[in-house]
Structure formats: structure tokens, C-alpha cells
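Thanks for asking me to look this one over. My notes follow as numbered points, so you can check each against the model as you read.

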Amino acid sequence: MGVPKFASWLRNKYPAIVTKNCPSSVHGLYIDLNGIIHPCCHNDSDTAIALLPEEEKLECICSELELLVQTVQPKEVMYIAVDGVAPRAKMNQQRARRYMGRAAPAQTGEVASTYMPNKSGMAIVEEVVREFTSTEMAQANDDLDEVRQTLLEDPLYSGALYNEGEEEAGDALNDGDGVNSFCVRSTDDDYESTHENRYVESNQVVDDVFGHRGEVIVDDPTAFEFDSNCISPGTDFMAKVSDAVLNMLNEKMSGNDPTWTRLCVIFSGSNTPGEGEHKIIDFLRTQSSLAQFGGKANHVIVGLDADLIFLALSLHITQVFILRDTTRNPYKRRAVARQQQRERRSRRKRNFIDDTCIISLNPSYIDEEESDGVIGVPVCESSENSSSDTDNESPIESREAHVTTVPNTGFEYFDISVVGGSLISEVSALCDIKKFTPATESAFDKKTLVSSAGYYFFGQPNHIEDGTLPSSTECGSPKGRRSKRVSKKAEAERSWKNFRPCSSPANSKIIDDIIVLSILLGNDFLPHAPSAFSGESALDNLLELYVSEVLPYGFLTKGPHEINLPQLQRLFEAYAKIEAVKFRRFLLFKSTNKENSNSGAEFRKGSNNDNVTVADVAVALHSTIDDRWRDTYLKSTGLSNSVQEACEKYVEGVCFVWRYYTTTTTDSDWSWYYPFYHAPPVIDLAIYLKEANIKRMPLPVVKSTPPDTLVQLLSILPPTSHALLPMVLGEVMVRSPQQAELESTFPLQWNVDYHDSNVVHLATVMLPFADMDVLQQVVDAAWPQLTEEERWRTQKLDFHLVITSNKTSFVPKGDLRKLSDALDTILRRVPSREGVEIRQLYDVPLERYRPRTYSCTVEVPRLSYGADGQVIKRQRRHRHSGQLKGNGEGVIEGKKSNSRVTVVNKGPCFATFLLFLACASVFTAVVLLPCSLASFMQVLSINICAILISFVLGISVHDPSSGCGMSRNNIRQTFVDWLCTECLSLNFSSRTRCFVCRAPFDNRRCLAVFSCTQSADQSLYDPDHSPHIEAVKLQI
């Protein structure tokens, strides 16, 4: 999951949320394994990664897990989650990415031909395999293994294949002490036995990441072809990943390293439905009600998806960090380490006898040069406990029997507590600027203030009903000890008009509302609103509207996993103004720069309708100019005849995403999806909610049954990846054009909308939606023909595996059972270890727990002020280190901040200086009247120049406010203008009055509008998408 450019926007807006230091006393480490699998298996910028042998990819995955444990040092629990079957809304996005990975531009007028598999590659192998029986294939595999073993014993062959490549990791890796021993290979894998990867090492190291490998010898290019689509639930590759990780965990948990033996490891494989990050959040949400879990220590979540930030915020628990490593290349560290080991080995071989004598006399001897390690890679050190298998090895080789990992110090950690506090503080500062006051008495009724988990904020004792935080005296005093004499002033302060949501115990609902606002930015389930781009500071505009138009009437969310639809209507009505201004400004820009515009919408040339003036755009909402861009947008996106349905489904989508963020996987809707490619205009969404009877709108029916694993594979994989499926289903994908009901499910040509970006993963892929009912019928018909191996690989599980040792103290909350006999088939390739116990953990329903209360006094640049009234300025970062200048916290050194201080001494205003200038000139003229005219003009000129100089110096010293004096927390390369709500004209911040209707600027009435400094040269606000739509075809 992800929101494009959101993480970058967040870190630029609040630099204090990022730290380079790993949190201390980490309770749990939670890893989304798919974020590790992908960089270990393929890389778009380095194709050499995909050419690596499968065993080395599995080894790299296990090494990265070991690196994370050594870096974070969890004390109690480690949760490893692999992506399972996803909801239908997510499957559409997975389908688009996998098809685009095999797409090529289609020629004009070209008709897609019937797909035929490449006869020079895997298809030939499959056809040959079909001609043999299972007995003949088993005999062939035995013969190949025997030949392979004979070749390995040959020094001429093994010297090139094995010694140079695998010896560098030490013989201990093959004896169970290294990572390679964890990567168990299936004995019945025909593909591996048929296509054995072979390579040789070269003595010359090149600049490439894989330069240490040397030249790759390729007899058949198709033998090295790696299909990254195999990283999908239900494939043979993902089964091998699970086996490799489980074997590594078993080995580590049965050892003597306390870093591993103290942990309670929970592994959720690809057979368990749900996305990896959602499984992690489900576990944290379920366990957070435990007193010994929540708040005990820090929790570190590993993942790069921007949606993970929203999921972590929805937990409302303390001390949560997100570990991000956007520049990690797991093979680069290994390349450097192997080159160092190769150089040390060559030196040791030259002086083998001398080193042997030294070590035999002094076993603790270690060369300082040999003990140097590389951050984040396995390094070798001496070990007293040598296995019996290495007794005959030389002392040099036995020293490499124990492999450890040096922690990585290059990771970044997002502090979710600081993220939440910064957002609350900014909303609080905007409330002060807007002079926030609740609109109605029922806006913040304590009966309606319920968290997403069902917790009633004001149903607990010691909570003040006016929304302010209780003082220490009131919290510690028993009920009834408060004074009965309450003054009228105190009663007035307790009035509903003085409710302050940002400082109330229920301020976590503001975070929930911000998550709902972010849904309009787009995600993996819904397209973004037509004018809402995260890189254009769209969330800044939404926060401005939220404080001005929505929050005075209450929160956006209500009850468990529900959205307040009347409040959502107010949000759409307010944002419709911003949307109209964005599109109007583009039309005005296109009209005035028609001869230089290359990205504008192509309207009728030569017509008077092409000309747009300022008077045309400075009109009220729902005018003719709005119909112009709206009709163009609907026609180019294909929504002209289905606006009503699109609005209905989009509102359902907002509710679906909010429920998906705040509930568990078992309670999610697995069948819902948005059946369009673009979002309807917000102005239409506001009209839809206004005309619909919100109180009588039926709640959507939640289908809580995950789809079949094979159905998911058929729906997300292109026909070019048919080899990843069982043979009978792969033939269905290949022959799909001959079947009318499957022609749209497996298309050979489709359109892509590059309106938002020329980058493929940011473009809108207009693929036909898969027919899940027909695919389910295909799977049911093919089920009897599947092998036992294929059946257990694709079966769905409703539990997670819990791996503990006899030294583990943490016991997870939930339905914990002993391992059933039915799992013998699944864990058949995972040997049991002494002292290691594997159990099954079933999910349990959520319990109510109290959400945390966020701080509302975090310093926000340009919105917070020091105790002396000095504004907190944004501090710049060093170009290379990324650290903040000064004390690194964005706070003025030696001064305490107070966000409630809003009165700032900005010096005399411009009118005061003009008045002073006029008075000084008149006074000078009166004094010098008796003198001669020449003398008078000279003295007057000198005085005027002096006054002008003092005027300029006064400006620079006192920093008086210029223009309207509007100040917002905008990041670099972002303009902040103000919108006149009378005529919807956009004004520069230097203006105090609207340049069209001359209405004065008012902080409460006027809205701050954020826009990127480069947006005028982009086509983001072009309502016509047709010039950006291109046809692509499946690359055969």
C-alpha cells in the first residue's frame, strides 16, 4: 500500500519526526517480509539481481532478517508477516502492477494477436515434461543429482562452480551454522533440477554491485529468467521463502544466542489471508489492551509503504516507530564483505603454515585486520564450540564456523508519537488563527465521542466535560472533594462554546479525521480526488478546510469504524471551492499562454469560448466556467454516463478504507472494489450527498470470506506468468482469447492514463476488471486435477505460527493451541529442533481500550511562538548529513515555546511610517521657512533621505507584517495564497483586499490555498485526460 509522495511531504513539513538513532528497550520488532523479499530478488535499476541463483536470494532474505534483529535488539517478541490473499480492492492494484511489468507500447492501429507462449523458453520445458510420467521424472531427477554430485567432486568443475563462490562463506554454512543451511530446497522441484544455475568467479572486481561475482555464464538465457510475479501468495517460490525463514528461525531459537532465544517469534505466512502490514497492525491492535504490552517499551515496525504511517497512527498507542530504509541494497554490503574475505583468504593461504603454528599455540589469536567487519553483513569470529563435523578442518577454516552480523546504523526511524503530536499541534494553531468556536451545542456531545474501538472518552471518572485536560490536583482528589462554590466565570468556561478538541482527552479523534482526509489523496483502493495531489500540499488545503468548515460541527468519524456522512458532505462542499479554483486557474493560464502551452486541454480552436478572462473565473461556484472543465473531465475519463454510480461507489470507498484501517482483517470487506478508474469531481460528490437521504442510506454488506488463493493468482497474473500456476490453470490463461467469458479477464491490450505522472507505477492503468465468479468456476473445475503439492501450497489458513524456546517469557494474547497433526504436510520441510516449540495462534475479537492522548504543544514552524512572542522558524538541514542545524529539534535554544501565545511584536505598520514621513516633512518645512529657497530644498532633501533610510531600517529590524500577514506551515517550493470566499478569486498573500471584489482579508472567512511553485508548468490540473491516454499491449 502507498500514498505517492506523502512520506516525503511529511518529513519536509515536520523534520523532527525522523531520527537516525534506534530506539532503546524495544519490546517488539514487526517485519513486513515482502519489503525484504523484493530487493533481495530483483531491482529495476540492476538486472543482475534477478540473475542470481534462487538459493542465494533465499540466503539474502534470511541475512536481512538477522541484520534487523541485531540492529533493533527486540526484547520480547518478533512478528514476521508475509502478504497473503488481499481484498478485491487491493487485487485490482496488484493486477495493474503485474500487467504493466509485462507491457510494451502498442503501435497505432495495431490489433493484439492471440497470445502464444515463447517456444524457446519455459514452454518447451513444459511440453517435454508432459511426455514423461511421474516415475520417469523421478528417475531422471535421480540421474541428474548423481551427475551433479560427480561434477562437484571433480576439482576442475567444482573449483569454478563451488570453491570460489561458496567457500568464501565458510564450510560452516553447509553444516548448519550459516544461513545457507536454512534454505531447504524442495526435492520434487522439477524446475530447479532442469535449470541449474551455474556461474564462475572472476578475479577482477568491477564497479557494479555484483562485480565480485565476475562474469555470468549463460548457456540458455531463459534458464536465468526470473519472473518477479512469483512473489505472490500461492506460488512455489513463496513456499520456499516460508521454508527458508522457518528453518532459520528454528535454528536460531535452538541455539545459545540470547538475542534470539528470549524472543517469542510469530510467523504469518502467505497461506494466511491479509496483507503483511495489516497483519502486523492487527496483532498490535489486539495486544494493546494488555497492561504488560502497551506502553511497556518501544515497538519498531519495518516497512516502506506510506499507508503504514496511517495504520500506525490509527493504533493510538505510545512509542511506535517505523523503520525505513529507502536506499538499502542488500547485495552491496555482501559484495564488499566477500571481497574483503577473499583478500584475507589469499593472504592466509600464502602463510598457511605460520598461521597454523600461531593459532595452535594461542587459540585466542585473531588478526586485527581480519576482525574488521562491514556494517550489516555477516562477519566471522572465533568460536569455542565447534561442531563435530569440522574437527578435520584446518584451524583457518574452523575460525569461520560462527557467523555474526554487525548492526546497521544507516536506518531511519519515524516517531509516530511525534507525527501525531505535530498534526494535533498544527490543527490547534489553526484553531487559534481561525478563532475556533463550536457551532452547535450538540457538535461535541459526550455521548457521541466514541473511539473507533468503541471506547467512550467521557464515560470514565476524572474527565472534565468541557474538553480540557484534568489537572493533577483534580485527578488525585476523590470524587466530591471539589469545591461546591463555582463562580459564574468558571461556569462560563465550562460552557460548550469553550470546548477545545485539540486539548481534550478525545483529541485522538482528530488523528482519525486526518486519516479520513488523507483518503482523498488516493491509495491502493481508491483513486485520488481530481485535484488532490500529495506533492501539491493537498493535505494542507484539507486541514485548512477541516478547521474552518468541518470541525466546528463535530468530528468526521463516529462510533466504531463509521464516518459521519453529514460532516463528509460539509468537507466535500468546502473542498469543491478549492477544486474549482485549481481548474479555473489552469484554464486561465492556458488561455493567456495558448501559444506556449503544450500540456493544456485541446478545446475548439478559433472559438471565442477558448478565451478565459479574470472576470470569467471570479464568479460563484456552479457557474458556466465550472460546467466547462467538469464536462471535459467527465468525458475524457469515461464518467459522463455514470456520475451518480461513481459518486455512490466513491463514498462507499471512503467508508471501506476507513473500516479497513481501523478493524482487523477478519472484519474487512473482501469483495468490495471501486469499479471505475478515476474519481468523480468533488463538486459532484457534494451534490450526491446533499440530494441523498443520508439517514436512510443502507449500510454496505460486509463479506468477510477471503477469495480463493488460485482465484487471486488467476486475477492478478498476466498470461506471460502462466508457468507460476498449476499446469491445468496455466493452460486456461494461455487459451483465454478463445473463450469469450475470459477474454476481458486476460486482456492482451489496454490503455494507460499518464495524466498524473509519466512514471509507470503512478499512472492510472485502465485494465478490464477480472470476473471473479467465472474464475471461481474455473478453479472448482480444475481442483480434482491438482497434485497434492499444489493443494497444500494454495490452501488458506486461519492462524499464525508461534515459535518459542524454553527461555521465552512473552505469551501473546489470543487463542493459542498446540500444533495439530494436519500441519505435518505444511511443515514437512521444517525439521523439529530440541527446545523449540511451535504452536498455532488464532485471532480473537477486539476489545475496547483507551486511545492515547496526544500533545498539542509541539512546535510547528511559522505557527508556534516562543514565550517572548518570537516565531519558531523552520531550520534547514545539512545537505549531506540530513541533520538539523542548531539543536536539531526545531526549537529556539534556551527558550520554551507556548503555542497559545499568538500576539507578536512586529513593529510599526506601513501606514505609521507614511504618517511619520508626512509629519517630519511638514515640520521641516515650517522650521526652515524663513531661510532661502535653495537652503530649504537642500535640508528637506536630506531629511527625506534620512527618513526613508530609517523607514527601510525599521522594516528590516522590526520585521513588520506585509500584506495580509497570513502565516502557514508550508514546506519549501510551496506557495500560500488566500482565497476570497465572496468571488472565489485567488489572491497573493501580499494583498490585503481581494483584487476583484475588494473584500478585505479575514482570517476566519478567507482560506489559505497551498500550491506547488512548479504546478503552473504541469498538467496535473488539466481537465482533459485524453491527450495523456496511451495504448499498451502485453509483451509476448
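1. Let me start with a place to find: in which loop does H561 lie? The answer is the loop between β11 (557-558) and β12 (562-563). Please keep in mind, here and below, that this is a predicted model. H561 has a relative accessible area of 18%, and it counts as buried because the cut-off is under 20%. Its C-alpha atom is separated by 5.0 Å from that of R659, although H561 and R659 are 98 residues apart along the chain.

2. A second contact across the sequence involves N229, in the loop between α8 (190-194) and α9 (236-253). N229 is buried, with a relative accessible area of 7%. Between N229 and R97 there are 9.5 Å in space, C-alpha to C-alpha, and the two are 132 residues apart in sequence.

3. Helix α16 (residues 416-434) deserves a look from end to end. With 19 residues at 1.5 Å a residue, α16 should span 27 Å, and the 27 Å between its end C-alpha atoms agrees with that. Of those 19 residues, 15 are buried, so α16 is largely enclosed by the rest of the structure.

4. Both ends of α16 have something to show. At the N-terminal end, D415 acts as the cap, with a side-chain oxygen 3.1 Å from the backbone nitrogen of S417. Just after the helix comes K435, with a positive phi of about 55°.

5. Now to the charged pairs: how many salt bridges does a search of the whole structure find? The count is 22. One of them joins the side chains of K13 and D540, at 2.6 Å from N to O. This pair links distant parts of the chain, since K13 sits in helix α1 (residues 6-13) and D540 in helix α20 (residues 538-550), 527 residues apart. K13 counts as buried at 0% relative accessibility, and D540 is buried too, at 3%.

6. Helix α16 comes back here, through K434. K434 forms a salt bridge with E544, and the closest N and O atoms are 3.0 Å apart. Because K434 lies in helix α16 and E544 in helix α20, the pair ties together parts that are 110 residues apart in sequence. Are these partners buried or exposed? K434 is buried, with a relative accessible area of 6%, and E544 is buried with 2%.

7. Another salt bridge connects D626 with R584, where the closest N and O atoms are 2.7 Å apart. D626 belongs to helix α23 (residues 624-637) and R584 to helix α21 (residues 565-592), so placed that the pair links distant parts of the chain, 42 residues apart. Both D626 and R584 are buried. Elsewhere, E54, D236, K240 and R793 are joined into one network by salt bridges that share partners.

8. Next, some backbone angles worth checking. Most residues other than glycine have a negative phi. S25 is not a glycine, yet has a positive phi of about 50°. S25 lies in the loop between β1 (18-19) and β2 (26-32), and at 45% relative accessibility it counts as partly exposed.

9. H316 is a further case, with a positive phi of about 60° although it is not a glycine. You will find H316 in the loop between α12 (307-315) and β7 (320-324). H316 is buried, with a relative accessible area of 4%.

10. Which residues make a nonpolar surface patch of about 210 Å²? They are V614, F995 and V996. F995 is found in the loop between β19 (986-987) and β20 (1007-1012), and F995 is partly exposed, with a relative accessible area of 35%.

11. Finally, a word on annotation. For "domain: RanBP2-type", UniProt lists residues 972-1003, in an unreviewed entry. In the model, the end C-alpha atoms of residues 972-1003 lie 23 Å apart, and the span is 0% helix and 25% strand.

Terms used:
Residues are numbered from 1 along each chain as its sequence is written. This is a predicted model: local features need pLDDT of at least 70, side-chain atom pairs count only at pLDDT 80 or more; totals for chains, interfaces and linings use all residues. Side-chain values use heavy atoms; hydrogens and water are left out. Helices (H or I, at least four residues) and strands (E, at least two) are DSSP runs, numbered from the N terminus. The expected span of a helix is 1.5 Å times one less than its number of residues. Buried means under 20% relative accessible area, exposed over 50%, partly exposed in between (1.4 Å probe, protein chains only). A polar contact is a pair of N or O atoms within 3.5 Å; within protein, one must be able to donate a hydrogen and the other to accept it, and residues adjacent in sequence count only if both atoms are side-chain atoms. UniProt positions are given in the numbering used here, feature names are shortened, and annotations may be inferred rather than shown by experiment. Patches are made of residues with over 30% relative accessible area and no salt bridge: like charges are joined within 9 Å, nonpolar side chains (Val, Leu, Ile, Met, Phe, Trp, Tyr) within 5 Å. Accessible areas come from the Shrake-Rupley method with a 1.4 Å probe; for residues, only the protein chains shown count as cover. A salt bridge is a side-chain nitrogen of Lys or Arg within 4 Å of a carboxyl oxygen of Asp or Glu.
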